[in-house]
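Okay, everyone, I've got a few minutes, so let's go through some side chains and a few backbone oddities together. Have the picture ready, and stop me if you lose track of where we are.

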Amino acid sequence: MVTIVNRTPLYCPRAGTSTFTRRGGKRKREGGQEFTKRAKGTCEFHKEVILLARSNSKVVPRQGLRHSLISHGFCRSAFCFDRAWTASELTNSLSSTFFHKLGEQVSFRMMLGCGSNLMEPSLGPNQELDGQLLFRVMKGKNALYLLPSTDLVEDAKTPESDIESDIDLPQYPPRQPSNRTESGSATSPYPVTDDSIDGQDGFRDGMGLGSVLKKVIENPELFKPLFMSYTAKLTAAKVQEIIPIARSQPTGSNRSNLEERLIPYWLDFLLDLEEGDEEITLEDVLIFTTGADKEPPLGFSPKPSVEFQHDSDNPLPMANTCGNILKLPVSHENYEMFKKFLIMGIQCAGGFGFA
């Protein structure tokens with residue numbers, strides 16, 4: 001005997017749908033397998049495609065050469081690939097895109113960037129590079145490179161293999177192969193790997209844009225502060241130059257007269273620190289004001305300044321390291337108290353310029 005138990009249904013069918021149906025989510029096949037409903041257009045993906053100008057290219061084009069390839073029409077940004085393409089459809093689509101460069105006679109191979117080198121995807125036996133496989137091998141890659149079967153020419157007189165000449169890049173002798181422990185010893189006291197040397201080459205190429213590297217070579221002393229650490233000791237005069245005094249206006253007002261009495265205190269304070277007999281240094285004053293112990297090669301932005309705390313009786317100095325502003329107290333009647341509280345405030349600051 002079968003007993004029928006009345007139960008509340010888990011869902012109520014209505015107009016062929018269920019209250020538990022997830023819009024666009026996973027659904028069951030008849031065999032119990034799950035699949036995800038693919039939204040329209042998700043079979044497409046976009047990558048940059050760069051057609052190389054030389055048939056013997058082995059490295060990823062960077063800096064000046066890359067810029068020149070783009071300007072000569074050898075690059076397609078955000079090229080739309082379809083994962084449903086067959087191998088022939090993929091090749092035909094790329095060929096038609098660069099037909100003005102390749103023509104009908106020139107073929108190409110698809111290459112991927114591996115570090116600074118160009119590598120051809122490894123395929124298994126009887127395997128072709130179609131849209132779906134290209135999507136898989138290009139995960140994490142930004143660009144697809146096309147290596148032509150012959151050097152490309154724009155016309156009979158202008159070989160595109162010489163497009164590097166449009167950018168004023170200095171020429172360097174070819175790098176000789178060396179082991180990983182000796183390479184780069186001429187420019188660095190530390191071992192330099194081949195990858196580091198490639199970085200140096202890229203840096204030189206980048207500096208060659210706009211003839212910057214040429215100017216650096218011609219004027220080494222002028223550019224030296226931009227590339228080398230500035231270790232000269234701070235002086236009182238240099239601090240006054242870095243952090244000028246912002247006086248109150250108009251001249252002759254009560255605030256201006258008070259500042260005229262305190263400014264000599266401030267200048268004497270810097271001179272005392274320069275002598276080196278105090279508990280703090282001029283570098284500490286710069287750190288308290290700006291957060292840096294020395295002036296950057298291109299200067300501070302915004303430019304530092306010394307102001308006065310006219311609206312406060314606080315005896316300690318204050319600083320706004322975001323705005324590079326040092327605020328001096330105005331409540332001291334003599335230099336000794338002024339100096340004592342400035343040293344105390346800078347010593348007790350927690351590193352952010354607020355005593």
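So, E295: buried, exposed or something in between? With 29% relative accessibility, E295 counts as partly exposed, because the range for that label starts where buried ends, at 20%, and exposed means over 50%. Keep in mind that we're looking at a predicted model here.

Now, who does E295 pair up with? Its partner is K238, and their side chains form a salt bridge at 3.4 Å, N to O. This pair ties together distant parts of the chain: K238 belongs to helix α8, while E295 is in the loop between α10 (282-290) and β8 (305-308), and they are 57 residues apart. K238 is partly exposed as well, at 24% relative accessibility.

K238 has another salt bridge to look at, with E241, at 3.7 Å from N to O. That pairing is a local one to find: both residues are in helix α8, which covers residues 236-242, and they're 3 residues apart, or about one turn of the helix. E241 has a relative accessible area of 51%, so it gets the label exposed, given that the cut-off is over 50%.

Let's hop to another pair, D311 and R255. Their salt bridge has its closest N and O atoms 2.7 Å apart. Where are the two of them in the chain? D311 is in the loop between β8 and β9 (318-320), and R255 is in helix α9 (residues 254-275), so to speak a link between distant parts of the chain, 56 residues apart. D311 is exposed, with a relative accessible area of 68%, while R255 is partly exposed at 42%.

Back to the earlier trio for a second: K238, E241 and E295 are joined into one network by salt bridges that share partners. And how many salt bridges does the count come to? The count is 8.

Next up, a histidine. H332 sits in the loop between β10 (325-328) and α11 (335-348). Why does H332 count as buried? Its relative accessibility is 4%, and buried means under 20%. What does the side chain of H332 have for polar company? One of its polar atoms lies 2.8 Å from the backbone oxygen of P315. If you skip the neighbours within four places in sequence, H332 is in contact with R261, L262, Y265, P315, M337, F338 and F341. So to find P315 again, look for it in that contact list too.

Last topic: the backbone. A bit of background: most residues other than glycine have a negative phi, and most peptide bonds are trans. With that in mind, look at the bond from S301 to P302, which is cis, with omega near 0°. P302 is in the loop between α10 and β8, and E295 from the start is in that loop as well.

Which phi values are positive here? A78 has a phi near 50°, and it isn't a glycine. You'll find A78 in strand β4, residues 75-82. N324 is another non-glycine residue with a positive phi, near 55°. N324 lies in the loop between β9 and β10, and at 4% relative accessibility it counts as buried.

That's my list, so over to you for questions.

Terms used. Residues are numbered from 1 along each chain as its sequence is written. This is a predicted model: local features need pLDDT of at least 70, side-chain atom pairs count only at pLDDT 80 or more; totals for chains, interfaces and linings use all residues. Side-chain values use heavy atoms; hydrogens and water are left out. Helices (H or I, at least four residues) and strands (E, at least two) are DSSP runs, numbered from the N terminus. Buried means under 20% relative accessible area, exposed over 50%, partly exposed in between (1.4 Å probe, protein chains only). A polar contact is a pair of N or O atoms within 3.5 Å; within protein, one must be able to donate a hydrogen and the other to accept it, and residues adjacent in sequence count only if both atoms are side-chain atoms. Contact means heavy atoms within 4.5 Å. A salt bridge is a side-chain nitrogen of Lys or Arg within 4 Å of a carboxyl oxygen of Asp or Glu.
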